[in-house]
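Dear colleague,

Please find below the structure that I am handing over to you, together with its sequence. My notes on what was found follow directly after it.

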Amino acid sequence: MKLTALLLAILPTLIAAECFTGGELWDRNLGPPAVNRACRALAGDYRRGQSKPKKLGQQNGQCYVFELTRIASGSDANLRRITEDECKNGMNKELFGCDRGGKSSYTNWSY
């Protein structure tokens, strides 16, 4: 019963999610530091529809591309701030949820 209540509380905020089917497999050891560096650069204020990419090369030759987009709908055209921690939370879901990365959209942000 508690699991059902938790899922019902979480699911409405998830709009869409997909894992990429092509490309290199993530190096799970290099991923978290890359997320930290990307989110340091991506944290800040965004207008509705604004997107910022961050491309990071790795020592193993892989290139990670992180992109954050503010997707709020309706009349919410004001600037909205995303913190480094909120960014890391969303990006880490892609890192650990998908072997080749992915894309998820929630109420305000697409990672």
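Please bear in mind throughout that this is a predicted model.

I begin with Ser104, a residue of strand E6, which spans residues 102–106. Ser104 counts as buried because its relative accessibility is 5%, below the 20% limit for that class. The side chain of Ser104 makes a polar contact of 2.6 Å with the side chain of Glu94. Once neighbours within four places in sequence are set aside, the residues in contact with Ser104 are Ala16, Ala17, Glu94, Trp109, Ser110 and Tyr111.

Tyr111 also leads to the next topic, the largest nonpolar core, which has 18 residues. Tyr111 is among the members that touch the most other members, along with Leu42, Phe66, Leu68, Ile82 and Met91. Two or more residues of this core come from each of helix H2 (31–42), strand E4 (63–70) and helix H3 (84–97). The largest contribution is that of H2, with 5 residues.

Leu68 may be worth viewing in its surroundings. Residues up to four places away in sequence not counted, Leu68 touches Leu42, Tyr46, Gln50, Ser51, Lys52, Ile82, Met91, Trp109, Ser110 and Tyr111. Trp109, Ser110 and Tyr111 are thus listed as contacts of Leu68 and also of Ser104.

I turn now to the cysteines. The structure holds 2 disulfides, and with the bonded cysteines numbered in sequence order, the pairing is 1-4, 2-3.

The disulfide between Cys19 and Cys98 has an S to S distance of 2.0 Å. This link is left-handed, with -70° about the S-S bond. Cys19 belongs to strand E1 (residues 14–19) and Cys98 to the loop between H3 and E6, so this disulfide ties together parts that are 79 residues apart in sequence. The two partners fall into separate accessibility classes: Cys19 is partly exposed, at 39% relative accessibility, whereas Cys98 is buried, at 7%.

In the disulfide of Cys39 and Cys87, the sulfur atoms are 2.2 Å apart. The link of Cys39 and Cys87 is left-handed as well, with -75° about the S-S bond. It connects distant parts of the chain, since Cys39 is in helix H2 and Cys87 in helix H3, 48 residues apart. Both Cys39 and Cys87 are buried.

Finally, Cys63 is partly exposed, with a relative accessible area of 42%.

Yours sincerely

Methods: Residues are numbered from 1 along each chain as its sequence is written. This is a predicted model: local features need pLDDT of at least 70, side-chain atom pairs count only at pLDDT 80 or more; totals for chains, interfaces and linings use all residues. Side-chain values use heavy atoms; hydrogens and water are left out. Helices (H or I, at least four residues) and strands (E, at least two) are DSSP runs, numbered from the N terminus. Buried means under 20% relative accessible area, exposed over 50%, partly exposed in between (1.4 Å probe, protein chains only). A polar contact is a pair of N or O atoms within 3.5 Å; within protein, one must be able to donate a hydrogen and the other to accept it, and residues adjacent in sequence count only if both atoms are side-chain atoms. Contact means heavy atoms within 4.5 Å. A nonpolar core is a set of buried Ala, Val, Leu, Ile, Met, Phe, Trp, Tyr and Cys residues joined through side-chain atoms within 4.5 Å. A disulfide is a pair of cysteine sulfur atoms within 2.5 Å.
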